[in-house]
Amino acid sequence: MNGQKRIAAIHDISCFGRCSLTVALPIISVAGVETAAIPTAVLSTHTGGLTGFTYRDLTDDIRKIVDHWMSLNLRFDAIYTGFLGSFEQIDIISKIFDDLRSEGTMVAVDPVMADNGKLYTIFPKDFPAGMRRLCEKADLIMPNITEAVLMLNEEYTEGPYTKEYIEGLLKRLGKMGAKKIVLTGVSFNNKELGAASYDADTKRTSYAFADRIPGYYHGTGDVFGSALVASMVNGLSLERSTQIAVRFTVGSIMRTYNAGTDIRFGVNFEAGLKELAEEIKKG
Ligand code: PXL
């Protein structure tokens, strides 16, 4: 293996709207990491607030792509999954973890399926139980609070939250299987929003906050997750990677807010890529 790290990114392609693979590829690449992609579905846009989108399910292609990769003996430093195109894909991807994982591979699962207390309407009611199974096999998971409570079969409550609640949630997530947990959408007051990280081995919890910006911007979970995984694969700690990912995401939201862009069109992460690369390099 040469010195360059390699990630397999498994997400959909939303052709317009800056989320999933259209943000994962540039963000991971700018961090100097080679990115191989498995598209789970192709949509004309993401499904958040936009109607009439096209949807091509690629469930039948995923296994074939991996079979070909296996014939090439490829090794991955991380496998990073996000939006899945069908319920069936959960079991297919679970098997792919077994097949593509080798010593030192970090399996990172973003259980993209819900926000603001609600499961995305395109997913069936049993989707959270399926995602939980995938998270159980991961090394790193990065749910938002809605996804966390759905997987734990708990009631959703709106923030601000107490420290006891967040740390209890992190511990319960830590018992599911993955040792590294990053919980997004954490707030202890109305002014700040951020993420909490928890390492179930060291029992260490840390927080990264930034001023809350009004509006719900699409694709920010993928911007965050991509920066987090890119930082981790570059050898940065869970705590530092979470700080970098929060800073990069909030900077992207702030630029978009200042420009007055339609919140459905994703965030301007592009203008922050150079700084992200420098921050990751500095460590
Ligand atoms: O950013 C998450 C995401 C990814 N892909 C598609 C989506 C969403 C969120 O709504 O609809 C297709």
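The buried residues of helix 5 pack against strand 6, strand 7 (118-119), helix 4 (127-136), helix 6 and strand 9 (180-186); here helices (H or I, at least four residues) and strands (E, at least two) are DSSP runs numbered from the N terminus, and contact means heavy atoms within 4.5 Å. Helix 5 itself spans residues 145-152 and is mostly covered, with 7 of its 8 residues buried, namely Ile145, Thr146, Glu147, Ala148, Val149, Met151 and Leu152. A residue is called buried under 20% relative accessible area, exposed over 50%, and partly exposed in between (1.4 Å probe, protein chains only).

This is a predicted model, in which local features need pLDDT of at least 70 and side-chain atom pairs count only at pLDDT 80 or more, while totals for chains, interfaces and linings use all residues. Residues are numbered from 1 along each chain as its sequence is written, and side-chain values use heavy atoms, with hydrogens and water left out.

The predictor's confidence in each residue, pLDDT, runs from 0 to 100; its mean over the protein is 97, and 99% of the residues reach 70 or more. Confidence is lowest in strand 6 (residues 114-115), where the mean is 96, and highest in strand 8 (residues 140-141), at 99.

The protein contains 9 helices and 11 strands. Its radius of gyration is 17 Å, close to the 19 Å that the globule rule gives for 283 residues, so the protein is as compact as a globular protein of that length; the radius is taken over C-alpha atoms, and the rule is 2.2 Å times the number of residues to the power 0.38. Along the principal axes, the C-alpha atoms fill a box of roughly 50 × 45 × 40 Å. Buried residues make up 51% of the 283 residues, and of the contacts with a separation of 6 or more, 69% are between residues 24 or more positions apart.

Two glutamates illustrate how separation along the chain and in space can be read together. Glu34 lies in strand 2 (residues 34-45) and counts as partly exposed because its relative accessibility is 32%. Leaving aside neighbours within four places in sequence, Glu34 is in contact with Gln4, Lys5, Arg6 and Ile7, whereas Glu34 and Thr256, 222 residues apart in sequence, are 28 Å apart in space, C-alpha to C-alpha. Glu167 is found in helix 6 (residues 163-174) and, with a relative accessible area of 23%, is partly exposed. Outside its neighbours within four places in sequence, Glu167 is in contact with Thr205 and Tyr207, and its C-alpha atom is separated by 8.6 Å from that of Ala196, 29 residues apart along the chain.

Some loops hold backbone details that a reader may wish to locate. The peptide bond from Gly159 to Pro160 is cis, with omega near -5°, and Pro160 is found in the loop between helix 5 and helix 6. Asn116 and Lys203, neither of them a glycine, each have a positive phi, as the table sets out.

| Residue | Phi | Loop | Relative accessible area |
|---|---|---|---|
| Asn116 | about 50° | between strand 6 and strand 7 | 48%, partly exposed |
| Lys203 | about 65° | between strand 10 (192-199) and strand 11 (204-211) | 55%, exposed |
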